[in-house]
Amino acid sequence: MIEIRFMEPEWCPMVICDACGCPIDRRNRLGDGNALWPADTSMPEGKIGDPMAGHRRVYHAHKGRCDLKIQERVGEHLLWEGLSEHLAFLFHNAGFGQEDLERSEEYWRTFS
Ligand SMILES: [Zn+2]
């Protein structure tokens with residue numbers, strides 16, 4: 001999940017592990033993560049083209065033990081991809097490009 005958490009000195013958007021509740025951050029000891037979603041991506045009959053019918057919940061989890069916990073909890077076969085690839089795809093689908101990333105990096109440099 002994505003949450004806003006207080007990370008001294010700011011409130012920051014963070015990707016939170018759905019298994020352990022800790023941020024997924026390469027800078028901490030828990031490390032990198034995966035995005036996981038149900039493998040059944042079949043569309044209900046007659047719903048092809050309906051944007052409200054074709055969606056699945058996405059889980060975020062640290063690689064390894066947390067990833068396995070999510071698979072056990074959901075109880076069905078999950079597809080997955082690395083969090084960095086998943087977020088890059090999300091940015092692409094939200095219409096964000098390299099120029100937006102550079103502008104946001106410049107914005108965040110003012111806070112560090
Ligand atoms: Zn975790």
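These are my notebook entries on what I looked up in one predicted model.

**Ground rules**

I am working from a predicted model, in which local features need pLDDT of at least 70 and side-chain atom pairs count only at pLDDT 80 or more, while totals for chains, interfaces and linings use all residues. Residue numbers start from 1 along each chain as its sequence is written.

**Overall layout**

I began with the secondary structure, taking helices (H or I, at least four residues) and strands (E, at least two) as DSSP runs numbered from the N terminus. The protein chain has three helices and five strands, and along the sequence they follow the pattern β-β-β-β-α-β-α-α. I noted that the C-alpha atoms fill a box of roughly 50 × 35 × 20 Å along the principal axes.

For burial I used C-beta atoms placed from the backbone: a residue is buried if 20 or more other C-beta atoms lie within 10 Å of its own, exposed if 12 or fewer, and partly exposed in between. On that count, buried residues make up 12% of the 112 residues in the protein chain. For contacts I required C-beta atoms, again placed from the backbone, to lie within 7 Å; among contacts between residues at least 6 apart in sequence, 59% join residues at least 24 apart.

**The S1-S2 hairpin**

I then looked at the start of the chain, where strand S1 (2-7) and strand S2 (10-15) have Pro-9 in the loop between them. A hairpin joins S1 to S2 through two residues, and six bridges join these antiparallel strands; I count two strands as paired if DSSP finds at least two bridges between them. Within this pairing, the bridge partner of Ile-4 in S2 is Pro-13. The peptide bond from Glu-8 to Pro-9 is cis, with omega near 5 degrees. I also noted that S1 is hardly covered, since the count of buried residues among its six residues is zero.

**The three-stranded sheet**

Next I traced an open sheet of three strands, which has the order S4-S3-S5 and antiparallel pairing. Its edge strands are S4 and strand S5 (78-82), each of which pairs on one side only. Neighbouring strands of this sheet are turned by 30 degrees against each other on average, direction ignored; the axes here are lines fitted to C-alpha atoms, for helices over the stretch in contact, and angles run from 0 to 180 degrees between N-to-C directions.

S3 pairs with S5 over five bridges and with S4 over four bridges. I followed Asn-34 to both sides, finding Gly-82 as its bridge partner in S5 and Ala-61 as its bridge partner in S4. Ala-35 stands opposite Glu-81 in S5.

**Helices**

Helix H1 (residues 65-74) touches S3, S4 and S5 where it packs on the sheet, and its direction makes about 140 degrees with that of S4. Helix H2 (residues 83-93) lies across S3, S4 and S5, and runs at about 90 degrees to S5.

Why do I record helix H3 as lying largely in the open? Of its 12 residues the number buried is zero, so I enter H3 that way. I also checked the span of H3 (residues 98-109), which should be 16 Å at 1.5 Å a residue (1.5 Å times one less than the number of residues); the end C-alpha atoms are 17 Å apart, which agrees.

**The core**

Which residues make up the largest nonpolar core? I list nine in all: Cys-17, Ala-19, Ile-24, Ala-35, Leu-36, Tyr-59, Ala-61, Cys-66 and Leu-78. The elements that give two or more residues to this core are strand S3 (33-38) and strand S4 (59-62). By a nonpolar core I mean a set of buried Ala, Val, Leu, Ile, Met, Phe, Trp, Tyr and Cys residues joined through C-beta atoms within 7 Å. Not counting residues up to four places away in sequence, Cys-66 touches Cys-17, Ala-19, Cys-20 and Ala-61.

**Two single residues**

Pro-38 lies in strand S3 and counts as partly exposed, because it has 15 C-beta neighbours inside 10 Å. Leaving aside neighbours within four places in sequence, Pro-38 is in contact with Arg-56, Val-74, Glu-76 and Leu-78.

Is Arg-27 buried or exposed? Arg-27, in the loop between S2 and S3, is exposed, with 7 other C-beta atoms within 10 Å. I computed Arg-27 and His-86 to be 18 Å apart in space, C-alpha to C-alpha, and 59 residues apart in sequence.

Definitions and conventions. Two residues are in contact if their C-beta atoms, placed from the backbone, lie within 7 Å.
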